[in-house]
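Here are some short exercises to work through at your own pace. Try each task before you read its solution.

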Amino acid sequence: MRKVAAISLVGFCFVMWMYIPFPFLIPKGFPPPVYRFQNNHRTKEGFELGRKLFYDGILSKDGNFPCSSCHQQFAAFATYEHRLSHGFNNQFSFRNSPGLFNLAWNRELHWDGGINHIEVQPLAPLLDPHEMSENLDQIIGKLKKDKLYPALFSNVFGSPGINSQRILRALAQFTASLVSADAKYDQVKRGTAQFNQYEKTGYEIFQQKCARCHQEPLFTDFSYRNTGMEMDSTLKDFGRMRITGRKEDSLKFRVPSLRNVYLTFPYGHDGRFSTISDVLEHYNSEIVESATLDSSIRKGITISENERFYLITFLGTLTDSSFVKNPLFADPRQGATDFAPADSH
Amino acid sequence: MICFMLFSYSGKTRPGSEAELMIHFQAYVHGEPLLLNKKYKNPFGETFEISRFRFYAGHIQPVYSDSGTESNLYSSYKLIDFSDASSTMIILPVAPGTCNGIRFEIGIDSVDQVKGAQTGPLDPIKGMYWTWNSGYQSFKIEGVSPVSDQPAHLIAYHIGGYRYPYSTVWKIKINTTNNELFRITKEYKIVVEVPVELDYFFDGPSPLRIKEISTCTTPGEQARKLSENFIGSFTGLTLTSNP
């Protein structure tokens, strides 16, 4: 019995040792995450390897397109000021690059929800001929020949070898750690800051007119909706229907999170809206009728000039400047050496 | 934690897996073993060649006739690739008993489709994974046909999809022809031959004329129909003894 207790204690300490130095903290008020690093035990080394890969052009065919070329930290990991992003051989991406944050709460990823697990997401841009345009054999070959990577992989996964699973899991250790929960909005919720009068009014209008789909605290309900955007005749993007093959999903796109919305412009799946004001005007007067149009906006959302001002002021409180400046998430070559839990800001 | 590890370790040595069953998949056209890049005609008289033919077989197990219980020891996936003869022969650890068939799944079931990055037969490097619409194809048949209006007369049937109502994942059970019984014992090894008769892939519940459908590479209704045709290719087992 005593032996069992001793073993249990040792086991417990071992577990604590493994977990405590690098905890994944769930922000107060957030629901439990979908991705909990199951089968992909999160470590400082694993996170760092994923971060290095994220910023390394070695993953792309010509070396010029690391993940970070379309996901820039200062833009909350969207592509700053680009409707569509640039990829291999002067090509455009198919859709507007979304910001990367709070991905661990996403059951599905992409505008059409086509990705069913955070670990397999990188396969899409890695292999797409318009984006990174590489193939897995090449990537693995290049990493194996690199001076540093073989030892890093061996260290993280406990044995030598580089395969697609290890690359994808290391990337997930980084991307799932990108937690943004320290905007002024969050500080107000935690009681450490206060909205000013404009923000407060804007928040009330938001709750009335926007929060049904952009649900707090993640500012999305993760549903797919047709928001009355006319289909672009060159992109011919049917959204969710491309994934499910069901007519009722035609022209539906994922409700995007509004966190860091000031930084992630332009907006919409094809980036057609340059400003937040353009988006609000769309809901106010430009909704295009179609069979699958979301029932909640059939008559549009009436937003007056005044309301627009307050709403935009409130949305500014969703900018998490400590997230976009967090040196832990920055390009490691720029010399971020200090280490603290990924979500302590 | 240690107790848990012991428990899972002991789980791997369950009794009853001491015998072996060998299963051999062989593709046929018109009753002749399929050769890649050879010209054949489908039942509609259309000429075609196949350059690549792969499918996933999962959770393979014998069907025992002498008891109500099923052996459920083998719960992984095999990628059968007809360009790699070694992949067409599977050796399964199974419980001894008297059997009259085998059962398995074509494709990757909805639970294993959403498990993130995988290795082995499920490594996306095997070319059976869709990257923009996460999911494993159930089977893949590629080649050329003069009646195809695609570039270079290519034909491509990349059939997958695991979501309702267009799932291409099927549980199938194949009996021995004439319901013949076979015994699996520790000493005596038997080879179960599983023919995959491609004539039925074309001439199935939804007739596949290459002129009409030369490609199908996304999940959906068409893929579902072609997957139904495909399972019709598994007609019956024959038995040989282990050489």
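The exercises below go from domains to the chain contact and then to one residue. This is a predicted model, in which local features need pLDDT of at least 70, side-chain atom pairs count only at pLDDT 80 or more, and totals for chains, interfaces and linings use all residues. Residues are numbered from 1 along each chain as its sequence is written, while chains are lettered from A and ligands numbered from 1 in the order in which they are written.

**Exercise 1.** Find how chain A is divided into domains.

Solution. Start with the bounds, which come from an automatic or database domain assignment: domain 1 of chain A covers 33-180 and domain 2 covers 184-319. Next, take the centres over C-alpha atoms: those of domain 1 of chain A and domain 2 of chain A are 27 Å apart. Then look at the contacts (C-beta atoms, placed from the backbone, within 7 Å): 22 residues of domain 1 of chain A meet 23 residues of domain 2 of chain A.

**Exercise 2.** Work out how many residues each chain gives to the contact between chains A and B.

Solution. Chain A contributes 22 residues, and chain B contributes 22 residues.

**Exercise 3.** Is Leu127(A) buried or exposed, or in between?

Solution. First, place the residue: Leu127(A) belongs to helix α3 (residues 123-127) of chain A. Now count neighbours: Leu127(A) is partly exposed because 19 other C-beta atoms lie within 10 Å, where 20 or more would make a residue buried and 12 or fewer exposed, with C-beta atoms placed from the backbone. Finally, list its partners: leaving aside residues up to four places away in sequence, Leu127(A) touches Glu134(A), Asn135(A) and Thr131(B).

How values were computed: Contact = placed C-beta atoms within 7 Å. Helix = DSSP H or I, 4+ residues; strand = E, 2+ residues; numbered from the N terminus.
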